[in-house]
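Please find below a note on the structure, set out as numbered points that may be read beside the coordinates. The points begin with a single residue and then move to the strands and the rings.

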Amino acid sequence: MRLINNIQQAGRISGLLLLLMLGANTLQAQVNGEEKLGAWYMYFGMNQVAERWSIHTEAQFRFYETTDSFNQMLLRTGANYHISDEAIATFGYAYIDTDPTFEGDEALLNKITEHRIFQQFILKNTVSRFAFEHRYRWEQRFLNFDGPTETQHRARYRLQVTYPLGDTFFLNWYDEVFLNLQGNIFGQNRLYLALGAKLSPTLSVQAGYLKNHFSTAHYDRLQLGVFFNPDLRRKQATP
């Protein structure tokens, strides 16, 4: 009889612990917006200014929800040196303004601003109709946590694959891993799939889905990107 009572008591305790864990997970999701379907709206440009030089321009606006609840603004630029058609080296700078929590006006107390310097190397190759791009990036991050400051270093690697669906449409997929060079080594992982359309030789758009994994949270994000790459070199007039 005592054994049965002990088993019943253990079962009640286990059930209570399970409810507490589920409640804690639900509360955490409500605090950080993990249960929301968010969106990233993005612009990317690579503008040729010389035979081997181009300028990278980028703006991203990220939301916890598709059109509401600001999460992050990212502005990035850089100078690209085209070693060849298959290899590009970049040195650049980014400014990031982040609301790290999903708490309305109270989150202003947790605001993070960041100045970032990065070095990047891209290698491209093709296999049949598949276009592969390997992107290696090293970042030096200077963060301001609304008062306290911190310097962090991070390494990133992204494998991207593009497959044409004709002259206009294409599929784009990538997976990118972020590795911290201090503290916990795993930073995040981004898995992305999109349908793109090439509207002109210099303009394309992509609409896709991103699964963003952190060590303590997982986010689902829609993405809409515009890619505009005009050649800014002066054309010599034909005599």
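1. In this predicted model, N172 has a relative accessible area of 2% and is therefore classed as buried, the cut-off for that class being under 20%. The residue belongs to strand β8, which covers residues 169-180, and its side chain makes a polar contact of 3.0 Å with the side chain of T162. Setting aside residues up to four places away in sequence, N172 touches Q160, V161 and T162, together with Y192, L193, A194 and Q206.

2. The strand that holds N172 is part of a barrel, which 11 strands close in the order β1-β2-β3-β4-β5-β6-β7-β8-β9-β10-β11, with mixed pairing. On average, and with direction ignored, neighbouring strands of this sheet are turned by 20 degrees against each other. As a general matter, strands of a sheet pair through backbone hydrogen bonds, either parallel or antiparallel.

3. In which sense do strand β1 and strand β11 pair? Strand β1 (residues 37-48) and strand β11 (residues 218-228) pair in the parallel sense, over nine bridges, and within this pairing A39 stands opposite L222 of β11. On the β2 side, by contrast, β1 runs antiparallel to strand β2 (residues 53-63), to which it is joined by 10 bridges. These two strands form a hairpin with four residues between them, and the bridge partner of N47 in β2 is I55.

4. Strand β9 (residues 186-198) pairs with β10 in the antiparallel sense over 11 bridges, and the bridge partner of A194 in β10 is G208. A207 is also found in strand β10, which spans residues 203-214, and with a relative accessibility of 44% this residue counts as partly exposed. Not counting residues up to four places away in sequence, A207 touches A194 and L195, as well as Q223 and L224. The C-alpha atoms of A207 and V226 are separated by 9.1 Å, with the two residues 19 apart along the chain.

5. I83 has its place in strand β3, residues 70-84, and is partly exposed at 42% relative accessibility. When its neighbours within four places in sequence are left aside, I83 is in contact with R52, A89 and F121. For one of these partners, R52, the C-alpha to C-alpha distance is 7.0 Å, although 31 residues of sequence separation lie between I83 and R52.

6. The whole structure contains eight aromatic pairs. Among them, F63 and F70 are arranged edge-to-face, with 6.4 Å from centre to centre and 85 degrees between the planes; F70 itself is partly exposed, its relative accessible area being 32%. Both rings belong to an aromatic cluster formed by Y41, F63 and F70.

7. Why is the pair of Y136 and Y157 classed as tilted? The ring centres are 5.2 Å apart and the planes stand at 40 degrees, which falls between the limits of 30 degrees for stacked and 60 for edge-to-face, so the pair is tilted. The pair links distant parts of the chain, since Y136 lies in strand β6 (residues 130-144) and Y157 in strand β7 (residues 149-164), 21 residues apart. Y136 is partly exposed at 39% relative accessibility, and Y157 is partly exposed with a relative accessible area of 27%.

8. Two arginines should be inspected together with aromatic rings. R62 lies over the face of W40, at 3.8 Å from the ring centre, while the charged end of R158 sits over the ring of Y174, at 5.3 Å from its centre.

Methods: Residues numbered from 1 in each chain as written. Predicted model: local features only at pLDDT ≥ 70, side-chain atom pairs only at ≥ 80, totals over all residues. Heavy atoms only, no water. Buried < 20%, exposed > 50% of the residue type's maximum accessible area, 1.4 Å probe, protein only. Polar contact = N/O pair within 3.5 Å; in protein donor to acceptor, adjacent residues only side chain to side chain. Contact = heavy atoms within 4.5 Å. Pairing = 2+ DSSP bridges. Axes fitted to C-alpha atoms, helices over the stretch in contact; angles between N-to-C directions. Phe/Tyr/Trp six-rings, centres within 6.5 Å; stacked < 30°, edge-to-face > 60°. Lys NZ or Arg CZ within 6 Å of the ring centre and 35° of its normal.
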